[in-house]
Amino acid sequence: MIVQSSQEVKLKLTHTLSPEAMEALRSLGQLVIALSIFSHLSLLAYSSSPQDLQILNAERRIDLTSHIVKVFLTLKVENTGTSPVSEVLLAFPPTQVDHLALLKAAITVGKKKKKSYVPLEVNPTELPDAPNGAKSFSISLLHPLNSGETATLEVLYILTHSLEPFPAEISQSESQLVYYRDGAIILSPYYVKQQTTFIRTPSTRVESFTRVESTNRAGSEIKYGPYKDRPAYSYSPIIVHFENNNAFAVVEELVREVEVSHWGNLQITEHYKLAHAGARHKGIFSRVDYQSRPHAGGVSSFKHLLARLPPRVHSVYYRDGIGNISSSHLRTEYLKSDLEIEPRYPLFGGWKATFVIGYGLPLEDFLFESPDGRRYLNFTFGCPLAETVVDKLTLKVVLPEGSKNPSAVVPFSVEQHLETKYSYLDVAGRTVVVLEKRNVVPEHNSHFQVYYTFNPVFMLAEPLMLVSTFFFIFMASVAYLHMDFSICKSS
C-alpha cells in the first residue's frame with residue numbers, strides 16, 4: 001500500500017489540471033469560505049449570550065399557601081450588547097427541574113390601563129457553561145430586542161412535591177410542618193442589577209427560616225432583598241420551616257375515558273387512585289376525637305373533595321370497589337357544576353383511596369364541525385378535582401366506530417398513541433386516541449381538540465344489525481312453527 005501526503009497530491013493536481021481549472025477551484029474555495037462566514041454571522045446576529053443582556057430589576061413572589069408551589073417572576077431585561085437579541089434564558093437548579101410541572105412566560109405590551117400580556121414560547125435548551133447541572137429554558141421574544149432597548153417579562157412556574165414534611169410522621173392531633181428549599185437570590189445566567197424575593201406562607205406560624213443580609217418578616221410574608229449588582233449564577237440557599245395543614249391531595253393515577261356517541265351523548269368515566277402525600281400518620285385513629293374535635297383531631301387530614309364539572313351534567317354517579325357512595329352533593333349552575341364528594345373515611349398522611357366518578361354530557365356542547373368538513377371534539381384536559389396534583393394522567397377519547405384519520409391538538413406536550421376498543425355490536429372496533437402526561441396541575445385544565453372524519457352511513461350499521469337479527473329470529477321462529485317433526489302423519 002502506498003500512502004501519499006497531501007503535499008504530493010496537491011503537486012500532482014497542479015500538474016494535471018489546467019491553469020483555468022485551478023483558478024476556478026480557488027474561486028470556489030473562496031466562495032465556500034465566504035458563505036460559511038456569512039451564515040455564522042447571521043446566526044450570531046440574533047443569538048443571545050449572557051453578556052448581551054442584563055436584568056435591571058427582578059421581583060419573585062413564591063406562594064406556599066398550598067402543597068402546590070406557585071412562583072411569579074417579573075423580569076425587566078435590557079440589551080446591553082451591540083446586536084439584536086431574540087431570546088431570554090431562564091435557569092433552574094436541577095432539584096427544581098425534577099418537580100417543574102408548568103412554565104409559562106408573557107411579555108408586557110402597553111402601559112398602565114392599556115397594558116396587556118402576550119404569551120411567549122418557552123423551550124428547554126442547553127448551556128455548556130451552566131454550573132452545577134443547572135437546567136436552562138429559552139423564552140422566544142415576539143420581536144428582537146435591539147441594543148439599548150428594554151422589555152418586561154412575566155413568568156409563572158409551578159413546582160410539585162417540593163414541600164418536605166418534617167417531622168415525617170405525626171399523630172392525629174399534631175399539626176403538619178414542612179420544609180421548603182430555594183434560594184434568596186434568583187439563579188440567572190445574566191448580571192442582575194436589583195432583585196427581591198417574597199415568600200408567602202399559609203399562616204403566621206413559621207418555625208424557622210434562613211436569615212441572610214436584608215431579610216425581613218412581617219406576618220405570613222418573608223422578604224429577601226433587595227439585593228444589588230449580583231453576577232451571573234449567584235446563589236444563596238435558604239430553608240423555610242413552616243406550618244401547612246392544607247390537603248396534600250395527590251392523584252397517583254387518573255384514567256379518564258371520554259366516549260363519543262353521535263346519538264347525542266358524551267359519557268365520561270374517571271378512575272382515581274388518591275393519596276394523602278403529607279406527613280405519615282402514626283399511632284391509632286380515634287373517630288371519637290375526630291368528630292368531637294374536628295379542629296384539633298386531624299387538622300392535616302381531609303375528607304371533602306370538590307370536582308368542577310361542565311354545565312348541563314347529568315347521570316352523575318360516585319362509587320368505589322364496595323359499591324355506590326351516597327356522601328356526595330351536586331350543585332348545577334348555568335356556567336358550571338360542582339360535585340362535592342366525601343370518601344368513606346378521612347384521609348391522613350400516607351392513606352389512600354380508590355373510586356370512580358361518571359357522568360354524561362350533551363354532545364352538542366362539545367362536538368363541532370370544522371370548515372374542512374372534519375368533526376372535532378373540544379374538551380377539557382386535566383383533573384376535575386380542585387387543588388390536586390396528578391402524577392400520571394391518561395385520557396382516552398373513544399371515537400364512534402367508523403371514524404378515520406384522528407388527530408389531537410393539545411396546547412402542551414403530551415404522549416399520544418392510538419388503541420382499538422370493542423363494545424356492544426362493534427365489528428371493526430372503535431378508535432381510541434390516548435393522551436398521557438405526568439405531573440399535571442390545575443393550570444393544565446385547558447381545552448384540547450380531537451379531529452376525525454366520519455361517514456354518517458356508519459350510524460345505520462348497528463340499527464340495521466339489530467333489525468336484521470330480530471328479523472332472522474322472527475323468520476326462524478315462523479319456519480320452526482310450520483315444520484312437522486312427527487314420525488308419522490296422523491289420519
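Trainee: In what order do the strands of the open three-stranded sheet stand?
Mentor: This is a predicted model. The sheet is open and has three strands. Its pairing is antiparallel. The order is β19-β22-β21.

Trainee: Which strands are at the edges of that sheet?
Mentor: An edge strand pairs on one side only. Two strands of this sheet do so, with residues 305-309 in one and 328-332 in the other. They are β19 and β21.

Trainee: How many bridges join β19 to β22?
Mentor: Strand β22 covers residues 337-341 and runs antiparallel to β19. One opposed pair is L306 and E340, the latter in β22. The number of bridges joining the two strands is five.

Trainee: Which residues join D338 in one salt-bridge network?
Mentor: Start with D338 and K336, which form a salt bridge with closest N and O atoms 3.7 Å apart. D338 counts as buried at 6% relative accessibility, whereas K336 is partly exposed at 34%. Salt bridges that share partners extend the network. Joined with D338 are R308, R331, K336 and E340.

Trainee: Which residue forms a salt bridge with R344?
Mentor: R344 lies in the loop between β22 and β23, and its partner lies in the loop between β20 and β21, so the pair ties together parts 24 residues apart in sequence. R344 is partly exposed, with a relative accessible area of 39%. The partner counts as buried at 17%. With closest N and O atoms 2.6 Å apart, that partner is D320.

Trainee: Is E59 buried or partly exposed?
Mentor: E59 forms a salt bridge with R61, the closest N and O atoms being 3.2 Å apart. R61 has 36% relative accessibility and counts as partly exposed. Buried would need under 20%. E59 is at 31%, so E59 counts as partly exposed.

Trainee: How many salt bridges does the structure hold?
Mentor: The pairs E59 with R61 and R344 with D320 are among them. D338 with K336 is another. The structure holds 23.

Trainee: Which strands stand at the edges of the seven-stranded open sheet?
Mentor: The sheet has mixed pairing and the order β20-β23-β17-β16-β26-β29-β28. Neighbouring strands in it are turned by 15° against each other on average, direction ignored. Each edge strand has a single partner, so one side of each is left without a neighbour in the sheet. The edge strands are β20 and β28.

Trainee: What is the bridge partner of Y317 in β23?
Mentor: β20 spans 314-319. β20 pairs with β23, residues 352-362, in the antiparallel sense over four bridges. The partner of Y317 in β23 is G358.

Trainee: Why is β4 described as largely enclosed?
Mentor: β4 runs from residue 100 to 109. Seven bridges join β4 to antiparallel β7, and five join β4 to antiparallel β5. β4 is largely enclosed by the rest of the structure because the number of its ten residues that are buried is eight.

Trainee: Is T108 buried or exposed?
Mentor: T108 sits in strand β4. Leaving aside neighbours within four places in sequence, T108 contacts K115, S116, Y117, T152 and E154. The cut-off for buried is under 20% relative accessible area. T108 has 19%, so T108 is buried.

Trainee: Which residue in the turn of the β4 and β5 hairpin has a positive phi?
Mentor: Six residues lie between the two strands. V109 of β4 has S116 of β5 as its bridge partner. The phi in question is about 90°. The residue is G110.

Trainee: Is F472 buried or exposed?
Mentor: F472 is in helix α5, residues 461-481. F472 belongs to a nonpolar surface patch with Y424, L425, L466, F470 and I473, with about 710 Å² of accessible area together. Exposed means over 50% relative accessible area. F472 has 60%, so F472 is exposed.

Trainee: How far apart in space are V299 and F348?
Mentor: V299 lies in the loop between α4 and β19. V299 counts as partly exposed at 23% relative accessibility. V299 and F348 are 49 residues apart in sequence. C-alpha to C-alpha, they are 9.3 Å apart.

Trainee: What share of the protein's 491 residues is buried?
Mentor: The protein has five helices and 30 strands. About 27400 Å² is exposed, with carbon and sulfur atoms supplying 57% of it. The buried share is 41%.

Notes. Residues are numbered from 1 along each chain as its sequence is written. This is a predicted model: local features need pLDDT of at least 70, side-chain atom pairs count only at pLDDT 80 or more; totals for chains, interfaces and linings use all residues. Side-chain values use heavy atoms; hydrogens and water are left out. Two strands pair if DSSP finds at least two bridges between them. Patches are made of residues with over 30% relative accessible area and no salt bridge: like charges are joined within 9 Å, nonpolar side chains (Val, Leu, Ile, Met, Phe, Trp, Tyr) within 5 Å. Accessible areas come from the Shrake-Rupley method with a 1.4 Å probe; for residues, only the protein chains shown count as cover. A salt bridge is a side-chain nitrogen of Lys or Arg within 4 Å of a carboxyl oxygen of Asp or Glu. Buried means under 20% relative accessible area, exposed over 50%, partly exposed in between (1.4 Å probe, protein chains only). Contact means heavy atoms within 4.5 Å. Axes are lines fitted to C-alpha atoms, for helices over the stretch in contact, and angles run from 0 to 180 degrees between N-to-C directions.
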